[in-house]
Amino acid sequence: MTGPLSQKLFATAKGFIPGGVNSPVRAFRNVGGEPFFVRRAKGSRIEDVDAKTYIDYIGSWGPNILGHAPTVVTNTIHEVAKDGVSFGIPNPFEVEMARTITEWVPSVEKVRMCSSGTEATMSAIRLARGFTKRDYIVKFNGCYHGHSDSLLVAAGSGALTHGEPDSAGVPAAFAEKTIVLPYNDFEALEKVFKEQGDQIAAIIVESYPANAGLIFPKPGYLDRLSSITKENGALLIFDEVMTGFRLGKAGVQGIENLTPDLSCFGKVIGGGLPVGAFGGRADVMDLLAPIGPVYQAGTLSGNPLAMAAGLAQLKELSKISGFPRLEELGAYFESGLRKLMDAKGIPYRFNRTGSMFCLFFTDREIVNVDDVMKQDLELFKKFFWGCLDKGIYIAPSPYETGFLSLAHTEADLDDTLTVFEEVLSSI
Ligand code: PMP
């Protein structure tokens, strides 16, 4: 149960906003309840309008890697805003951002900024189609790449939680050009390229799928995605909107030592402001307008506040060696959690990499979204509400990934595990 002010706001919101929210997962429908409304947030904590505080494991769904409202970011926003908040003409921050992304991610030779992850993946798909002069794209069941028409087919995240992988309003003719494969299935991949390899523009994949829980590739799977696209004249698009600049300087491609043709980014590079980016091989990127025939644009693209906030966040991450510390926190959390779950004897799986994690209430091996869907949803719901009641905010859906930030402390994690233990004992 949320507090009276949250309840009142939600009742009002429903009169003016569809479902009372501006993005579906926020409605808490998947856990059968109503959302709380946030008053403010700082560090690892969120405070709601009823003055209840929570340790937060969502961090605005990924961007807040330094925690909420880090001073380096908020000071930058204050300073930069004094000189103007949007120009619609080039500004120096865009150049520095592009330089930083290309320095951190070696596969990215050129990059274009936009305002959301959805725009990044949508534009990368258009570019791949323009470059290859082919129409078909391959995506994987349960991978979410934002809500553009071609990609809202067998998607994860909010689309999955609501049991509506395919949205009304997406013309069948668009969806037909999207081939959906089961993730981690080598045979299905070989088969589709054997049959249609010369018509496929690109494979788009979440570098580590993190919108249907958190799923890891089987050994050799990402390598095969890379080689099969090369063999067939298609492009490999890595969607690193969630993993990019979170799992390391070069994201999953750095960890796995891969060189995708194009990559998509968002979240962390905006410091909490609206942002997206896509980049990769210069010969492909140079097909974009104004120098090439593939059109892509944005009124707020390269917005000075978003660029400056993102740069401040990236610089701080680098300065304080954020990634090793996030791994340390993640490992600490994982070992405590495993001890606790083993002692409880509840069937579970726990997937984690660095600061991203997902607890599944199932003992099935998590290979793809089918395994994720088999978990004990009723148990998850009780667990979620029990935790929320005791001031721990995890994602209101069993299909979302949790995030640690550099503002979390070992004491926060200990407190969280104590709550997990109490809640699991009571249900
Ligand atoms: N790709 C991935 C992997 C994502 O996780 C998301 C959003 N969670 C998107 C794309 C879409 O980004 P946005 O919500 O900024 O449009």
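This is a short walk through some strand pairings, a helix pair and the ligand shell of one structure. Keep in mind throughout that the model is predicted.

Okay, let's start with the hairpin. Strand β2, residues 45–48, runs antiparallel to strand β3, residues 53–56, and three bridges join them. If you want a spot to click on, E47 sits opposite T53 of β3. Four residues lie between the two strands of this hairpin, and A51, in the turn, has a positive phi of about 70°.

Now stay on β3, and jump along the sequence. What does β3 pair with in the parallel sense? That's strand β13, residues 392–393, joined to β3 by two bridges. Here I55 is the residue facing I392 in β13. So to speak, β3 has antiparallel β2 as one partner and parallel β13 as another.

Next, the open sheet. Three strands make it up, in the order β11-β12-β14, with antiparallel pairing. β11 (349–353) and β14 (402–403) are the edge strands, each pairing on one side only. Let's look at the β12 and β14 pairing: β12 covers residues 356–360, and two bridges hold the antiparallel pair together on paper. M356 is the one opposite F403 in β14. There's also a helix here: α12, residues 322–344, lies across β11 and β12, and runs at about 170° to β11.

Right, over to a pair of helices. How do α7 and α8 pack? Helix α7 is residues 186–196, helix α8 is residues 221–231, the angle is about 5° and the axes are 11 Å apart. Angles under 35 degrees count as roughly parallel, so α7 is roughly parallel to α8. On the α7 side the contact is made by F186, L189 and F193, and on the α8 side by Y221, R224 and I228. By class, that contact has five nonpolar residues, no polar ones and one charged.

Last stop, the ligand. How many residues surround the ligand? We get 16, and the closest are S116, G117, T118, G146 and V241. Which helix gives the most to that shell? It's α4, residues 117–132, with three residues. The shell divides into 10 polar, four nonpolar and two charged residues. Put that beside the helix contact we just saw: no polar residues between α7 and α8, and 10 around the ligand.

That's my tour, thanks. Happy to pull any of these up on the screen.

Conventions:
Residues are numbered from 1 along each chain as its sequence is written. This is a predicted model: local features need pLDDT of at least 70, side-chain atom pairs count only at pLDDT 80 or more; totals for chains, interfaces and linings use all residues. Two strands pair if DSSP finds at least two bridges between them. Two residues are in contact if their C-beta atoms, placed from the backbone, lie within 7 Å. Axes are lines fitted to C-alpha atoms, for helices over the stretch in contact, and angles run from 0 to 180 degrees between N-to-C directions. A residue is near a molecule or strand if its C-beta atom, placed from the backbone, lies within 6 Å of it. Ala, Val, Leu, Ile, Met, Phe, Trp, Tyr, Cys and Pro count as nonpolar, Asp, Glu, Lys and Arg as charged, and the others, Gly among them, as polar. Angles under 35 degrees count as roughly parallel, over 145 as roughly antiparallel, 65 to 115 as roughly perpendicular and the rest as oblique.
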